[in-house]
Amino acid sequence: MTAEPLPEHPDFLWRNPDPKRSYDVVVVGAGGHGLATAYYLAKNHGITDVAVLEKGWLAGGNMARNTTIIRSNYLWDESAAIYEHALKLWERLPEELDYDFLFSQRGVLNLAHTLQDVREGVRRVGANRLNGVDAEWLEPDEVAKVCPILNVSPRTRYPVLGATFQPRAGIAKHDHVAWALARRADELGVDLIQGCEVTGFLKDGDRVVGVETNRGRIHAGRVGLAAAGHSSVLAERAGIRLPVQSHPLQALVSELHEPVHPTVVMSNHVHVYVSQAHKGELVMGAGVDAYNGYGQRGSFHVIEQQMAAAVELFPVFARAHVLRTWGGIVDVTPDASPVIGRTPVENLYVNCGWGTGGFKATPAAGWTFAHTIATGEPHPLNAPFALDRFTTGALIDEHGAAAVAH
Ligand SMILES: Cc1cc2nc3c(=O)[nH]c(=O)nc-3n(C[C@H](O)[C@H](O)[C@H](O)COP(=O)(O)OP(=O)(O)OC[C@H]3O[C@@H](n4cnc5c(N)ncnc54)[C@H](O)[C@@H]3O)c2cc1C
């Protein structure tokens, strides 16, 4: 007797429907942001006639390629508000979605290596506290107490002069987050459609009334783009030029090690950040590759520089081996802040420009994007992140807090 084969994980968590000919809302991109948008459209606004269209497989883009760092210690009021909203949502999401995605609030250190870093860090701690974000300034001996394997000797090339510390920050298991959101969105009636690439837009005059896909035309009352590194290419098909550049961003992991690294350490100055995954891999990332590109891979010299910086900060890693490297495509705006809001084309909305740091924002991006699509108006949290700030000049410059850091 042959047993019925079990469905492969994780597809059994959601249906795999064929696309209908029409939906109230179509969301393009089934990364974390698209899935969170669909979930909150259904949960917060009762809009369940929703399709999320994904050209590849669910959460196969940046959502599965990031280094999972979550924090909210950004400089400006607007950023602190949206990232802190996300952090508060993270704190309750595992229970709400009934899915343990290993959210671990182990704290994040942002190191200072120069006087300018120190000034910027102390200023940011002050700004964070005024915004209700937990933040501390630590002197080198206090930094060593939080992370004993970090080299805080003054005799290094870039000595650690101090660090900002956000205790509530941490990491979560990214693919599980996507599956948790997908399962709940599906239960609420959302169609998650993989292998469905949006190739163009259906228009009636200046209004978008649907999308062209490799699986046929799909009509939609409203369309929301959540396509991360592909946002500008997609928007151009609707006649919009986004102020976004796409870059490769790489990361890597070591083989498994015993737990040695209790927190997350980031250094903008030497261009590396490091945490240790639950199962023991050291997870490391660096800055973007400088050129524009859509290949999901980066250059070797970036990894080489990243490793040199890591060994300098953590001499204990000298004998660790790189097990696996990978790359994603990140969409970077001129002020290192995202765009969430309306576009000049009626019924078309965009969520993009999260660059190297959008994983941490996943729930808040979904929450505010769903609100904007459902009501046609921005939520107070995303109103400052409108596209028109690049013409009004009301920029939200987060290069200091974003940069290498995530
Ligand atoms: C190496 C790396 C490390 C990172 N580390 C961190 C970190 O530690 N912390 C942090 O906060 N952020 C981090 N990020 C950034 C973060 O991953 C992104 O900002 C975030 O994932 C973007 O949102 P998303 O999950 O929806 O994107 P994605 O998962 O990329 O989703 C977009 C989806 O749109 C789909 N799509 C594109 N075009 C079309 C089309 N025409 N039709 C249909 N579907 C389409 C894509 O296939 C993709 O699945 C990192 C990114 C990388 C690459």
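In this predicted model, Leu 89 has a relative accessibility of 2%, and because buried means under 20% relative accessible area, this residue counts as buried. Leu 89 belongs to helix α2, and if its neighbours within four places in sequence are set aside, the residues in contact with Leu 89 are Tyr 40, Pro 363, Ala 364 and Trp 367. One of these partners shows how the fold brings distant parts of the chain together: Leu 89 and Trp 367 stand 278 residues apart along the chain, yet a distance of 9.5 Å separates their C-alpha atoms.

Another of those partners, Tyr 40, leads to the packing of two helices. Helix α1, which covers residues 32–45, and helix α2, which covers residues 77–97, have axes that come within 15 Å and cross at roughly 75°. Since angles of 65 to 115 degrees count as roughly perpendicular, α1 is described as roughly perpendicular to α2. On the side of α1 the contact is made by Tyr 39, Tyr 40 and Lys 43, while α2 contributes Leu 89, Leu 93, Glu 96 and Leu 97. Sorted by class, this contact of α1 with α2 holds five nonpolar residues and two charged ones, with no polar residue.

Following the chain beyond α2, the reader comes to Ser 104, which sits in the loop between α2 and β4, the strand of residues 108–112. Although Ser 104 lies in a loop, its relative accessibility is 16%, and it counts as buried because that value falls under 20%. Apart from neighbours within four places in sequence, Ser 104 is in contact with Ala 169, Gly 170, Ile 171 and His 278.

The model can also be read through its empty spaces. The second largest pocket encloses about 390 Å³ of space, and its lining consists of 22 residues, among which Thr 68, Lys 173, His 174, Glu 281 and Arg 324 lie nearest its centre. Two or more residues of that lining come from each of the elements β14 (272–276), β15 (281–288) and β16 (322–332). In terms of class, the lining of the second largest pocket comprises nine nonpolar, eight polar and five charged residues.

Besides this pocket, the structure contains one cavity of 30 Å³ or more. The largest cavity has a volume of about 40 Å³, and the residues that line it are Asn 151, Thr 156, Tyr 158, Glu 312 and Leu 313. Within this cavity lining, two residues are nonpolar, two are polar and one is charged.

Notes:
Residues numbered from 1 in each chain as written. Predicted model: local features only at pLDDT ≥ 70, side-chain atom pairs only at ≥ 80, totals over all residues. Heavy atoms only, no water. 1 Å grid on protein atoms, 1.4 Å probe; cavity = no way out; pocket = protein on both sides within 12 Å on 5 of 7 lines; lining within 4 Å. Points joined across faces, edges and corners; volume = space filled by probe spheres on them. Helix = DSSP H or I, 4+ residues; strand = E, 2+ residues; numbered from the N terminus. Nonpolar A, V, L, I, M, F, W, Y, C, P; charged D, E, K, R; others polar. Axes fitted to C-alpha atoms, helices over the stretch in contact; angles between N-to-C directions. Parallel < 35°, antiparallel > 145°, perpendicular 65-115°, else oblique. Contact = heavy atoms within 4.5 Å. Buried < 20%, exposed > 50% of the residue type's maximum accessible area, 1.4 Å probe, protein only.
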